[in-house]
Amino acid sequence: KQWYQRRVAITAGDSGMALAATRKTNVRLPPEVNRILYVRNLPYKITAEEIYDIFGKYGPIRQVRVGVNPETKGTAFVVYEDIFDAKNACDHLSGFNVCNRYLVVLYYQSTKLYQKVDAEKKQQQLDATKRKYGVEGLAK
């Protein structure tokens with residue numbers, strides 16, 4: 001009976017470690033999850049080093065890009081080495097208070113950026129076509 005109890009304990013311990021090791025590879029993540037985080041509502045005077053300190057607690061960071069233009073001030077991109085670290089950071093740092101500002105942490109989605117550019121381009125083409133055929137002032 002003692003051998004059986006010891007054997008079960010060892011087997012349970014081994015399988016628990018095996019499950020922990022394979023847990024990351026078997027997890028199915030939503031399609032929008034990626035290694036690049038887009039951070040908004042940052043204080044204007046925050047440095048890349050301070051962002052490394054905040055986001056580095058959740059895993060190794062490959063790159064941090066802080067916005068410096070008037071349109072991009074208060075935003076940053078944080079690129080993680082691992083997608084699971086990025087997910088963990090996004091889950092824990094959304095709404096995190098930095099200098100009395102609550103961070104908005106999102107997954108970077110390049111398709112949304114291109115959709116906006118494409119919409120503007122299509123509108124320009126439509127306007128040019130309307131001018132070409134003289135249908136600007138016509139009502140439906």
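**Close-up views of a predicted model**

**View 1. The N-terminal stretch, residues 1-23.** In this predicted model, residues 1-23 have pLDDT under 50 throughout and 0 contacts beyond four places in sequence. pLDDT is the predictor's confidence in each residue, from 0 to 100; contact means heavy atoms within 4.5 Å. Over the chain the mean pLDDT is 80, with 74% of residues at 70 or more. Residues are numbered from 1 along each chain as its sequence is written. Local features need pLDDT of at least 70, side-chain atom pairs count only at 80 or more, totals for chains, interfaces and linings use all residues, and side-chain values use heavy atoms, without hydrogens and water.

**View 2. The open sheet, in the order β2-β3-β1-β6.** The 4 strands (DSSP runs of E, at least two residues, numbered from the N terminus) pair antiparallel; pairing requires at least two DSSP bridges. β2 (61-66) and β6 (104-107) are the edge strands, each paired on one side only.

**View 3. Pairing of β2 with β3.** Antiparallel β2 and β3 (residues 76-80) are joined by 5 bridges. Val78 in β3 lies opposite Val64.

**View 4. Strand β6 and its partner β1.** The two run antiparallel and share 4 bridges, and Leu37 stands opposite Tyr107 in β6. Side chains alternate along β6: Val105 and Tyr107 point to one face and are buried (under 20% relative accessible area, 1.4 Å probe, protein chains only). Val104 and Leu106 point to the other face and are not buried.

Methods. Buried means under 20% relative accessible area, exposed over 50%, partly exposed in between (1.4 Å probe, protein chains only).
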